[in-house]
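I opened this entry to look up how side chains meet in the structure. My topics are charged pairs, nonpolar cores, aromatic rings and cysteines.

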Amino acid sequence: YNSITEVKAEMESRGGTITQATISKVCASLDQDLVIERTKGQLPRTRSLRLIQPEKLLGLLTENYAPPVISHRLAAKTTLTPDQFYRRIVEWETEAAEKAILTGSSSAGQYVVMAREPIQSLYCSDLGSLLKRLGPDLEETSRFPNIELLETDDDFVYFDARDDLAASPVQTYLELMRGDKREQETAEQLRKAILQPLKKKG
């Protein structure tokens, strides 16, 4: 059970920016669709919220999902180990106040069993700045690249990022559902992992 105020605080703690009015409007719509249940309090802010149809909510997110707009794309090769590379990315995020996160396909292995992709893809908020930070440790190439960098200003991809730069389970699921048959099969595994704890709560 969460009030709208608590939902706003939770979203902000995960890197989101949203107004209380927007949350209230979305909750009203979800209540009407019987996705959530709102228990009335003396004031709108004190109404409790309960998710009653998690499958339907995930279905709505899938139907309405639009991939991020990519402004620049770079295929490259790095001699850094994955740990070294991700450490450099995190340092850049902190020093430059920028954002970076693995794409859904590259994050999937954090949540379900699947073969590691030969190319690790990351979204970043400023490609030029990141390239300066990586310097000679990253070489642009179309021959056997092992890194793909995608610049996007769409904040939703960075929401609820994990410490290891993995995208959130929900973001990962939404992207995989837009992929090929293998990715959609992986998404089905992830769907079960997302919904199982929510069903227990219900």
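**Salt bridges**

Searching the whole structure, I find eleven salt bridges; I keep in mind throughout that the model is predicted. I looked at several of them one by one.

I began with Glu37 and Arg50, whose side chains meet in a salt bridge at 3.2 Å, N to O. This pair links distant parts of the chain, since Glu37 lies in strand 1 (residues 36–39) and Arg50 in strand 2 (residues 48–51), 13 residues apart. I checked the exposure of both partners: Glu37 is partly exposed at a relative accessible area of 35%, and Arg50 is partly exposed as well, at 27%.

I then turned to Glu148 and Arg73, which form a salt bridge with an N to O distance of 3.3 Å. Here Glu148 belongs to strand 7 and Arg73 to strand 3, so that the pair links distant parts of the chain, 75 residues apart. On looking up Arg73, I find it exposed, with a relative accessibility of 56%.

The next pair I noted is Arg133 with Glu95, again a salt bridge, at 3.3 Å from N to O. Because Arg133 lies in helix 6 (residues 127–134) and Glu95 in helix 4 (residues 82–96), the pair ties together parts that are 38 residues apart in sequence. Arg133 counts as partly exposed at 24% relative accessibility, whereas Glu95 counts as exposed at 59%.

I also recorded a network of salt bridges, in which Glu10, Arg14, Asp160 and Arg162 are linked.

**Nonpolar cores**

Which residues touch the most other members of the largest nonpolar core? I find that they are Phe85, Leu122, Leu130, Leu138 and Leu149, in a core of 18 residues. Two or more residues are given to this core by each of strand 3, helix 4, strand 4 (100–102), strand 5 (120–124), helix 6 and strand 7. The largest share comes from helix 4, with four residues.

I followed up Leu130 and listed its contacts, leaving aside its neighbours within four places in sequence: these are Ile89, Trp92, Cys124 and Leu149. There is also a second, separate core, which has eleven residues, among them Ala108, Val112, Tyr173 and Ile194.

**Aromatic pairs**

The count of aromatic pairs comes to two. One that I looked at in detail is Tyr65 with Phe156, an edge-to-face pair with 6.0 Å from centre to centre and 90° between the planes. The pair links distant parts of the chain, with Tyr65 in the loop between helix 3 (54–64) and strand 3 (72–78), Phe156 in the loop between strand 7 (147–151) and helix 7 (169–177), and their positions 91 residues apart in sequence.

Are the two rings buried or exposed? I find that Tyr65 is buried, at a relative accessible area of 9%, while Phe156 counts as partly exposed, at 34% relative accessibility.

**Cysteines**

How many disulfides does the search return? The count comes to zero. I nevertheless looked up the exposure of two cysteines: Cys27 is buried, with a relative accessible area of 8%, and Cys124 is buried with a value of 0%. I had already met Cys124 above, as one of the residues in contact with Leu130.

How values were computed. Residues numbered from 1 in each chain as written. Predicted model: local features only at pLDDT ≥ 70, side-chain atom pairs only at ≥ 80, totals over all residues. Heavy atoms only, no water. Phe/Tyr/Trp six-rings, centres within 6.5 Å; stacked < 30°, edge-to-face > 60°. Buried < 20%, exposed > 50% of the residue type's maximum accessible area, 1.4 Å probe, protein only. Salt bridge = Lys/Arg side-chain N within 4 Å of Asp/Glu carboxyl O. Core = buried A, V, L, I, M, F, W, Y, C linked by side-chain atoms within 4.5 Å. Contact = heavy atoms within 4.5 Å. Disulfide = S-S within 2.5 Å.
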